[in-house]
Amino acid sequence: MPLEKADFTGTRATMLATLYGRALHSRSANPVLHDPYAEEAVRRIDHDFDSTGLRGDDALSIAIRGRAFDDLTAERLAANPDVTVLHLGCGLDSRGRRLDPPPSVEWYDVDFPEVIELRNRIYPGREHHHTIASSVTAPDLLRDVPADKPALVIAEGLTMYLEPAEGIALLRRITEHFPSGHLICDVHSPLAVRWAVVNRVVRAAKARLTWGVRSGAELERAVPGLLLDRQRTFFDLPGLDRLEPAYRTLVRALGKIPAFRDLALILSMHFDRTSPTR
Ligand SMILES: C[S@@+](CC[C@H](N)C(=O)[O-])C[C@H]1O[C@@H](n2cnc3c(N)ncnc32)[C@H](O)[C@@H]1O
């Protein structure tokens, strides 16, 4: 089978780093996140993955975040398997395959057209799985997405790359389109967004972070009807004890400093336009 090209720069290129991180970590002994699809995708792509800037414990950190998102998604699908999943900024992430949801779930993987083109070549089609080749900020993003079921919206490693007004407009569009739903996303604080200029992976991709969010409460205020269920910092996620000792010490120390604790948050939120008490 001929190898696929992935000549991306900017935001689109960042998904090559997260893919590579999951593939590298998956090959390690007793991985936090087993992702054979990422391993296979990396084999299928003709790309110098070392140029992603990924080093040392980056792969483990990426796997820890991916595992947290998988667990939250699985939890939601167990609570209600009759949903429409919007997997926004999916890149080449294989969450829809790893979790193998029941046929009651309609799963939409969404990313820029060039990324979706590559994705469709790497991952064969599946029943109840769809792709949307569009910027998530396009006003007509949800035009062809039925609004007959609650939504489960997943956005891992996406929000920080959006302009604030565009990100808020996207969330408002979602809460206005679906009768109800849940959102699982990560956000970076304004400080983390400023610091991204020294992040190796972001620099290697020539990407730019643009949206800093301090807390779930900030999104509650910006998006009518969107309510916070749970907010976890990166420092709370299981698996950090497996970081190399020096990095682990640094991460633990940062996690104790109030200004740094909220650098990266994972938010679980919901909305329900059908509820009289909302
Ligand atoms: C850091 S990667 C994360 C990819 C994937 N979620 C993962 O964890 O591997 C960011 C992804 O967001 C996508 N992205 C950024 N801005 C976007 C936009 N406006 N519309 C669609 N996708 C976007 C990029 O193309 C890229 O695939």
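# A guided tour, from helix 2 to the ligand

Select Glu40 to begin: at 37% relative accessibility, Glu40 counts as partly exposed. What you have open is a predicted model, so please read each stop in that light.

**Helix 2**

Keep Glu40 selected and add Arg43. Their side chains form a salt bridge, 3.2 Å from N to O. Both residues sit in helix 2, which covers residues 36-44, and they are three residues apart, about one turn of the helix. Arg43 has 53% relative accessibility and therefore counts as exposed, since the cut-off for that class is over 50%. Glu40, at 37%, falls in the partly exposed class because it lies between the 20% and 50% limits.

Stay in this helix and pick Tyr37, which is also part of helix 2. Tyr37 is partly exposed, with 31% relative accessibility. Now show Leu19 as well: the C-alpha atoms of Tyr37 and Leu19 are separated by 9.4 Å, and the two residues are 18 apart along the chain.

**A loop residue with positive phi**

Next, go to Asn30, in the loop between helix 1 and helix 2. What is the sign of phi at Asn30, which is not a glycine? Phi is positive there, at about 50°. As background, most residues other than glycine have a negative phi. Asn30 counts as exposed, at 62% relative accessibility.

For a second case, jump to Lys206, in the loop between helix 8 and helix 9 (216-222). Phi of Lys206 is near 60°, again a positive value in a residue other than glycine. Lys206 is exposed, with a relative accessible area of 67%.

**The salt bridges**

Time to look at charged pairs. As a reminder, side chains of opposite charge can pair when their charged atoms come close. How many salt bridges does the structure hold? There are 25.

Select Arg22 and Asp93, whose side chains meet in a salt bridge of 3.2 Å, N to O. This pair links distant parts of the chain: Arg22 is in helix 1, Asp93 is in the loop between strand 3 (84-88) and helix 4 (95-98), and their positions lie 71 residues apart in the numbering. Are these two partners buried or exposed? Arg22 has 3% relative accessibility and so counts as buried, the limit being under 20%. Asp93, also at 3%, counts as buried too.

Leave Asp93 on screen and add Arg95. The side chains of Asp93 and Arg95 form a salt bridge of 3.9 Å, N to O. Like Asp93, Arg95 is buried.

Now widen the selection to Arg22, Asp35, Arg65, Asp70, Asp93, Arg95, Arg98, Glu156 and Asp186: these residues are linked in a network of salt bridges. Keep Glu156 in mind, as this residue of the network is also among those that come nearest to the ligand.

**The ligand**

Select the ligand and show its surroundings. Of the 22 residues around it, Thr18, Gly89, Asp111, Val136 and Glu156 come nearest. Which element gives the largest share of this shell? Helix 1 (residues 11-26) does, with six residues. By class, the shell has eight nonpolar, eight polar and six charged residues.

Three contacts deserve a distance label:

- Gly89: a backbone N or O atom lies 2.8 Å from a nitrogen atom of the ligand.
- Asp111: an N or O atom of the side chain is 2.6 Å from an oxygen atom of the ligand.
- Ser135: an N or O atom of the side chain is 3.1 Å from a nitrogen atom of the ligand.

Switch on a surface here. Taken alone, the ligand exposes 580 Å², and the protein buries 97% of that.

**Helix 3**

Move on to Ala68, found in helix 3 (residues 58-79). Ala68 is buried, with a relative accessible area of 6%. Add Leu237: the two residues are 169 apart in sequence, while their C-alpha atoms are 7.1 Å apart in space.

**A nonpolar patch**

For the last stop, select Trp195, Val197 and Val198. Together they make a nonpolar surface patch of about 330 Å². Val198 is placed in the loop between helix 7 (190-195) and helix 8 (200-205). With 61% relative accessibility, Val198 counts as exposed.

Conventions. Residues are numbered from 1 along each chain as its sequence is written. This is a predicted model: local features need pLDDT of at least 70, side-chain atom pairs count only at pLDDT 80 or more; totals for chains, interfaces and linings use all residues. Side-chain values use heavy atoms; hydrogens and water are left out. A residue is near a molecule or strand if one of its heavy atoms lies within 4 Å of it. A polar contact is a pair of N or O atoms within 3.5 Å; within protein, one must be able to donate a hydrogen and the other to accept it, and residues adjacent in sequence count only if both atoms are side-chain atoms. Accessible areas come from the Shrake-Rupley method with a 1.4 Å probe; for residues, only the protein chains shown count as cover. Helices (H or I, at least four residues) and strands (E, at least two) are DSSP runs, numbered from the N terminus. Ala, Val, Leu, Ile, Met, Phe, Trp, Tyr, Cys and Pro count as nonpolar, Asp, Glu, Lys and Arg as charged, and the others, Gly among them, as polar. Patches are made of residues with over 30% relative accessible area and no salt bridge: like charges are joined within 9 Å, nonpolar side chains (Val, Leu, Ile, Met, Phe, Trp, Tyr) within 5 Å. A salt bridge is a side-chain nitrogen of Lys or Arg within 4 Å of a carboxyl oxygen of Asp or Glu. Buried means under 20% relative accessible area, exposed over 50%, partly exposed in between (1.4 Å probe, protein chains only).
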